[in-house]
Amino acid sequence: MADDKRLEFIAQGRQAAVYRHGTYVLKVPWVCMSSLEAQAVQKLIDRLPGKHPNVVRTVRLATVQHKTGVLMQHIRGPTLAALAHTSTRRADISGRVCCDILHGLGYMHTHGVLHLDVSPGNVLYCVDTGRFVLIDVALHRTECTPSCMSPDRVHCEQSDTWSLGCTLLYALT
């Protein structure tokens, strides 16, 4: 990414800073990715062809300020974590989250990609489409959201299913 001047800082989390770049966001981890980690992330990005309405489109790796990050589609809307605190219709939200995120996980798992950090902070409500969307797809996982991590910590499809259950419980309570 040659034009760093168009980057606008919008958020930071436990593991990364997020910058807006036009209709995309660039997620730059606090700890630089090794070349092996970058190759692993690129392989995951390459496994997800096309678009799915419930999975953020991850475009490619990009370098800015000497750090490698993941360039992905910008989704306008609140996280499920924020939405659950303001909504009085939690059962309605949970049903929609379950349906939308199960479709997104099904798409990912069909293509051999695990999310490994399904959590209220990684589910956005897209105000443009009215759908819930999984974000932070294809990121190399060094740590997951502890409250949503499966107890066996085995990286498999069941881990994502367990995390979805914890996410739904969060939305309901």
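**Group meeting: hairpins, cores and a lone cysteine**

Okay, let's start with a turn: strands β2 and β3 make a hairpin with 2 residues between them, and Gly-22 in that turn has a positive phi of about 65°. Keep in mind that this is a predicted model.

Staying with that hairpin, β2 (residues 16-21) and β3 (residues 24-29) run antiparallel and are joined by 6 bridges. One pair to look for is Arg-20, whose bridge partner in β3 is Val-25.

Now go the other way along the chain. β2 also forms a hairpin with β1, this time with 3 residues between the strands. Those two pair in the antiparallel sense too, over 4 bridges, and Ala-11 has Val-18 of β2 as its bridge partner. So is β2 buried or exposed? Well, 5 of its 6 residues are buried, so the strand is largely enclosed by the rest of the structure.

Next up, the inside. The largest nonpolar core has 34 residues, and the ones touching the most other members are Ile-101, Met-108, Phe-132 and Leu-134. Several elements supply at least two residues each, including α1 (35-47), β5 (67-73) and α4 (157-172). The largest share, 6 residues, comes from α3. Apart from this core there's another one, of 8 residues, with Leu-7, Leu-26, Ala-62 and Val-64 among them.

If you click on Phe-132, you'll find it touching residues such as Pro-53, Leu-83, Ile-101 and Tyr-125, among others further than four places away in sequence.

Last thing, cysteines. How many disulfides are there in the whole structure? The search finds 0. Take Cys-99: the nearest cysteine sulfur belongs to Cys-98 and is 7.2 Å away. Cys-99 itself is partly exposed, at 39% relative accessible area.

Conventions:
Residues numbered from 1 in each chain as written. Predicted model: local features only at pLDDT ≥ 70, side-chain atom pairs only at ≥ 80, totals over all residues. Heavy atoms only, no water. Core = buried A, V, L, I, M, F, W, Y, C linked by side-chain atoms within 4.5 Å. Buried < 20%, exposed > 50% of the residue type's maximum accessible area, 1.4 Å probe, protein only. Contact = heavy atoms within 4.5 Å. Disulfide = S-S within 2.5 Å. Pairing = 2+ DSSP bridges.
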